[in-house]
Amino acid sequence: MRWLRRHLVVIAGTLALVYLLLPNVVVLVFSFNDPAGRYNYTWQSFSTDAWSDPCGVAGMCDSVGLSLRIALTATVAATVIGTLAAFALARHRFRGRAAGNSLIFLPMAMPEVVMAASLGTLFLNMRIEFGVTTILIAHIMFCLSFVVVAVKARVASMDPKLEEAARDLYAGPLQTFLRVTLPLAAPGIAAGAMLSFAISLDDFIITQFNAGPSTVTFPMYVWGASQRGIPVQVNVIGTAMFVAALALVVAGQVVGARRRSRA
Amino acid sequence: MSAVAEQRAGVTLTGISKEFGDVTAVHPLDLTVPRGSFFALLGASGCGKTTTLRMIAGLEQPTTGTVRLGDDDVTALPPHRRKVNTVFQSYALFPHLDVHDNVAFGLRRRGIRSVAKDVRETLELVELGHLARRKPHQLSGGQQQRVALARAIVNRPEVLLLDEPLGALDLKLRRQMQLELKRIQTEVGLTFVHVTHDQEEAMTMADTIAVMNAGRVEQLGTPVDLYEDPASSFVANFLGQSNLIAAEIAGTAGADLLLSAAGDVKLALPAARCRARSTAVGTRVLAGMRPEKISLAHRDAAVDGAVPDGRNRIPGTVVDASFTGAATQYLVDSPVCPELSVFVQNVERDPRLVPGAQVVLHWNPAHTFGLDGEESLLAGTLEDAGTGEEAP
């Protein structure tokens, strides 16, 4: 009983992690499966066929490439616009600032399908051809919210005296921004960018409503494939994404720890 | 021409004022800081001293008036175009840069390529040469303070501004840094303008002090001038302690004014040290004297002639005696004031001077100063409700 009391936190944490990671483990395991039929749902035998030929399925690697291109473009655009907007909202008093502050939360709070459908209607009425452009516009829009929120929190916690100190030390407005403001806001900007990339990469609903007939992103491909039977290669891509994300996090931790110990 | 006026001015403020909305933080004021001097702006919080400093730095645009550095009018110049550097109260060290890069920041922004030598020498000056590669958050408060100082003086500005730079340090470190700052100022010979609310700090370090109250300069002078001859009750109470007695001019005797207080107490005050509006009989004045100038004699000793002739005398009763080591502070109830403060050096303590003892206070009339009778007795004391307008 006492043992339980002492280790309750660890046990609860472990259970939560297992709950979170179990689906990833299943995906990983089934990426080494050699399915008998079209459906990769029951374990047959170990095979590395899918890993040695990840692009063996028609159209899948194209969809991964398209998803990455869209995520990258949306991230860059949303980060630039969102950072500027966050500085405006955090630093300046202007008409409509309060409204802007609450509107920026709307894409995060609104049900995705509502936003997807209304955007689709808007593009249709404006006679914009559905395709990469419409997907990008939609993605940049909802990524903006995350960037603004992340950067604004960072900017609000920055000591304005630091910028005064820079101006006092012969840095003009541009130099002050590049040498002091930007480096200090960088963690917030990076967090916003990373969130944007992740959210854009796996978005399905909004993309589905605003894609053209020939633009198939990876989530859309998986959705389409699931009707006919998902190829093992999808598990391979999913596992690779998970591993890549994990590697990034570990690398970040190692760099941070080394910087702390050296300093 | 006085010696001060002949020197080249470091900073000249002419009719400078600052309003924030409806609040006047600084009333139009004129101030000349001599080049190479250690100048202190002293006042309680919200008196406008920091705003004045920020207007010199260019971080605040004055509502009226001009700022000149040496002979150049810099009123319209942004902060980065002024040869002025500031040591901020919070230090404002750049957290993403190490000590060396913090100190090199100003030099690099001015396009100086080889900064290593200057940075090293300045860090040696503040005794931090060995910590050049540390980040600010790895330093103690005192070390951060030195980095902030080094970051400013490495640029050899025409004027160095210090905004309560020692406020965040503990008492012992503060004393040490006061001497250090004074040493560095003497060594580099820059003009220092130091804002502080600590009167002891101002008197220890500054050549000239401007005492500010509610957005105005109350008095400007050397620490000795301000202490010995305060121009207002605010200065008298804010710099050290003062005993102030409400009195009336009763006549003259040679170079002295004769005052009467509480009916039968007669005091002499040098006419040259009286700042009342007139010297006519019946004019109300505040007679002031510093607690350490007063001597205390037991009444029995005073009757035996222990008090020399020609001294101001007030009878009273000891209310309280607190031993403070080097001196004893007595509070004496007298007809002219219920709580006269007296400091007596602990050289030859009279054992009869205990609470309840009947005593005679006496002092050299030359140490009396006279203020206008309309002034508040409590201005500048802790009891002062504060007439200062709050600066944001």
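A crossing of two helices is left-handed if the near helix is turned anticlockwise from the far one by less than a right angle, and right-handed if it is turned clockwise. By that rule, the crossing of H8(A) and H9(A) is right-handed. The structure described here is a predicted model.

## Helix packing in chain A

H8(A) and H9(A) pack with their axes 10 Å apart, at an angle of about 160 degrees. Angles over 145 degrees count as roughly antiparallel, and H8(A) is therefore roughly antiparallel to H9(A). On the H8(A) side, the contact is made by Leu162(A), Glu163(A), Ala166(A) and Arg167(A). H9(A) contributes Thr176(A), Arg179(A), Val180(A), Thr181(A) and Leu184(A). By class, the residues of this contact divide into four nonpolar, two polar and three charged.

A second helix pair in chain A consists of H3, residues 60-91, and H11, residues 218-228. The axes of H3(A) and H11(A) come within 7 Å and cross at roughly 145 degrees. Here Met60(A), Ser63(A), Val64(A) and Ser67(A) of H3(A) meet Phe218(A), Met220(A) and Tyr221(A) of H11(A). The contact of H3(A) with H11(A) has five nonpolar residues, two polar residues and no charged ones.

## The interface between the chains

Between the two chains, 16 residues of chain A are in contact with 17 residues of chain B. On the chain A side, the elements that give two or more residues are helix H8 (160-168) and helix H9 (173-202). H8(A) gives the most, with six residues. The side of chain A that touches chain B is made up of nine nonpolar, two polar and five charged residues. H8(A) and H9(A) thus appear twice in this account: they pack against each other, and both give residues to the side of chain A that touches chain B.

## Chain B and its five-stranded sheet

Chain B has 392 residues, of which 42% count as buried. Its C-alpha trace spans about 80 × 45 × 40 Å along the principal axes, and the chain holds ten helices and 20 strands. Of the contacts in chain B between residues at least 6 apart in sequence, 67% join residues at least 24 apart.

Five strands of chain B form an open sheet with antiparallel pairing, in the order S15-S19-S16-S17-S18. Strand S15 (295-298) and S18 of chain B stand at the edges; each has a single partner strand, so one side of each is left without a neighbour in the sheet. Direction ignored, neighbouring strands of this sheet are turned by 45 degrees against each other on average.

At one edge, S15(B) is joined by four bridges to S19(B), residues 358-363, and the two run antiparallel. In this pairing, His298(B) stands opposite Val359(B) in S19(B). At the other edge, seven bridges join S17(B), residues 327-334, to S18(B), residues 337-345, again in antiparallel fashion. Tyr330(B) has Val342(B) of S18(B) as its bridge partner. S17(B) and S18(B) form a hairpin, with two residues between them.

## Loop residues

Two arginines that lie in loops have a positive phi although neither is a glycine: for Arg127(A) the value is about 55 degrees, and for Arg156(B) about 45 degrees. Arg127(A) is placed between helix H6 (112-125) and helix H7 (132-156) of chain A. Arg156(B) lies between helix H5 (141-153) and strand S7 (159-163) of chain B. Gln138(B) belongs to another loop of chain B, between helix H4 (116-125) and H5.

The table gives the surroundings of these residues.

| Residue | Other C-beta atoms within 10 Å | Class |
|---|---|---|
| Arg127(A) | 6 C-beta atoms | exposed |
| Arg156(B) | 16 C-beta atoms | partly exposed |
| Gln138(B) | 13 C-beta atoms | partly exposed |

The classes follow from the cut-offs: a residue is exposed if 12 or fewer other C-beta atoms lie within 10 Å of its own, and buried if 20 or more do. Arg127(A), with 6 such neighbours, therefore counts as exposed. Arg156(B), with 16, is partly exposed because its count falls between the two limits. Gln138(B), with 13, is also partly exposed.

Gln138(B) and Asp98(B) are 40 residues apart along the chain. The C-alpha atoms of Gln138(B) and Asp98(B) are separated by 9.7 Å.

How values were computed:
Residues numbered from 1 in each chain as written. Chains lettered and ligands numbered in written order. Predicted model: local features only at pLDDT ≥ 70, side-chain atom pairs only at ≥ 80, totals over all residues. Contact = placed C-beta atoms within 7 Å. Nonpolar A, V, L, I, M, F, W, Y, C, P; charged D, E, K, R; others polar. Pairing = 2+ DSSP bridges. Axes fitted to C-alpha atoms, helices over the stretch in contact; angles between N-to-C directions. Parallel < 35°, antiparallel > 145°, perpendicular 65-115°, else oblique.
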